[in-house]
Amino acid sequence: MNDGKKNALAAICGLLFAFGLGLGGMTNPLKVQAFLDVLGKWDPSLMFVMGGGIAVGFWAFRAAKRRGHPFLGGSFGWPSSIRIDARLLSGAAIFGVGWGLTGYCPGPALVALGAGRIGAIVAVSSMVLGMLATQAVRRPSSSA
Amino acid sequence: MMGFTPVGSTLGGLVLGVAVSLLILFDGRIAGIAGILGRSFGARGPELSWRLYFLGGLVVGGLLWRLVSPGVLGVPSSTGLGTMAVGGFLVGVGTTLGNGCTSGHGLCGISRLSPRSVVATLVFVATGMLTVAVARGRL
């Protein structure tokens, strides 16, 4: 019954997220690659994005864990998997290679797509293909 | 936007933290973009609609950046479209296999002190650094 409020909340959070990503420098693929370029002219700025985000998020997650339900009802969708396995490690490793090649992780790629950047439109299209392909070959039992 | 930007980047991070916090406290959702997008395929009803509203906010936010301050998007990247296609595919595969990206593992996972997310973040930052080092002939 709170679906309308939940949708409005999601839209506001998406907009805020796009604002924060742009403000922090994450939507500039060259800046992202400069952060990853530790052996070149390293730009550590993006560590500050992470630091700022975690400084706020830490308290929110701490509060959330102590609550029974979210403010708009329903339940908390905590991730069920806790294992550090080959799948997590290989997935993260593959993601990092793609991130380094493009300078876009999923959020900034979608923001840049909205801004009409051709590179981001191509990257997001193949990202969706990669997601669907991986979901298709995923064993049905492994509901991580 | 190039060069060291500790203040802007911290402010951007704080805004991201607020967005992540609102979503978890009000609707119990983790603001991991790869998951929000990837799990929208095949989803229905309210489970689909909140995802579309969130993703719509992100995309509209990009349009607003273009109108207000296009410099935030960087100079049009010199990265070829072939590289974008290959790299984008790897991002899709990797985030699906590893159940998360920079926001899901990096921002939300570390915020809730998940060992899985800490490890995933260290791994993708490391392979990202290695990839840039190889691509730029630093090794």
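**Exercise 1. Determine which span should be expected for the 17 residues of helix 4 of chain B, and what distance separates its end C-alpha atoms.**

Solution. Helix 4 of chain B covers residues 81-97. The expected span is 1.5 Å times one less than the number of residues. For the 17 residues of helix 4 of chain B this gives 24 Å. In this predicted model, the end C-alpha atoms of the helix are 24 Å apart, so the two values agree.

Helix 3 of chain B can be treated in the same manner. It has 24 residues, 45-68, and should span 34 Å. Its end C-alpha atoms lie 34 Å apart, which again agrees with the expected value.

**Exercise 2. State how many of the 17 residues of helix 4 of chain B are buried, and identify what they pack against.**

Solution. A residue is counted as buried if 20 or more other C-beta atoms lie within 10 Å of its own. Twelve of the 17 residues of helix 4 of chain B are buried, so this helix is largely enclosed by the rest of the structure. Among them are Met84(B), Phe89(B), Leu90(B), Val91(B) and Leu97(B), as well as the glycines Gly87(B), Gly88(B), Gly92(B) and Gly94(B).

The next step is to find their partners. The buried residues pack against helix 4, helix 5 and helix 6 of chain A, together with helix 2 (33-38) of chain B. After helix 4 of chain B comes Asn99(B), which has a positive phi, near 55°.

**Exercise 3. Name the buried residues in helix 3 of chain B and the helices that cover them.**

Solution. Buried positions in helix 3 of chain B include Trp50(B), Arg51(B), Phe54(B), Leu58(B) and Trp65(B). Gly57(B), Gly61(B) and Gly62(B) are also buried. Their cover includes helix 1 and helix 5 of chain A, and helix 1 (6-27) and helix 2 of chain B.

**Exercise 4. Describe how helix 5 and helix 6 of chain A pack, giving the angle, the distance between axes and the classes of the residues in contact.**

Solution. The two helices pack at an angle of about 130°, and their axes are 8 Å apart. That angle makes helix 5 of chain A oblique to helix 6 of chain A. The crossing is left-handed.

From helix 5 of chain A, the contact uses Pro106(A), Ala109(A), Leu110(A), Ala112(A) and Leu113(A). These meet Ala120(A), Ile121(A), Ala123(A), Val124(A) and Met127(A) in helix 6 of chain A. By class, the contact has ten nonpolar, no polar and no charged residues.

**Exercise 5. Find how many residues of chain A are in contact with chain B, and which helix of chain A gives the largest share.**

Solution. In total, 106 residues of chain A are in contact with 102 residues of chain B. Helices 1 to 6 of chain A each give two or more residues to this side. The largest share, 19 residues, comes from helix 1 of chain A. Sorted by class, the side of chain A that touches chain B has 64 nonpolar, 35 polar and seven charged residues.

**Exercise 6. Set out the helix count, dimensions and buried share of each chain.**

Solution. Chain A has six helices and zero strands. Its C-alpha atoms fill a box of roughly 50 × 40 × 30 Å along the principal axes. Of its 144 residues, 54% are buried.

Chain B has six helices and zero strands. Its C-alpha trace spans about 45 × 35 × 30 Å along the principal axes. Of its 139 residues, 60% are buried.

Technical notes: Residues numbered from 1 in each chain as written. Chains lettered and ligands numbered in written order. Predicted model: local features only at pLDDT ≥ 70, side-chain atom pairs only at ≥ 80, totals over all residues. Contact = placed C-beta atoms within 7 Å. Helix = DSSP H or I, 4+ residues; strand = E, 2+ residues; numbered from the N terminus. Nonpolar A, V, L, I, M, F, W, Y, C, P; charged D, E, K, R; others polar. Axes fitted to C-alpha atoms, helices over the stretch in contact; angles between N-to-C directions. Parallel < 35°, antiparallel > 145°, perpendicular 65-115°, else oblique. Left-handed = near helix turned anticlockwise from the far one by under 90°.
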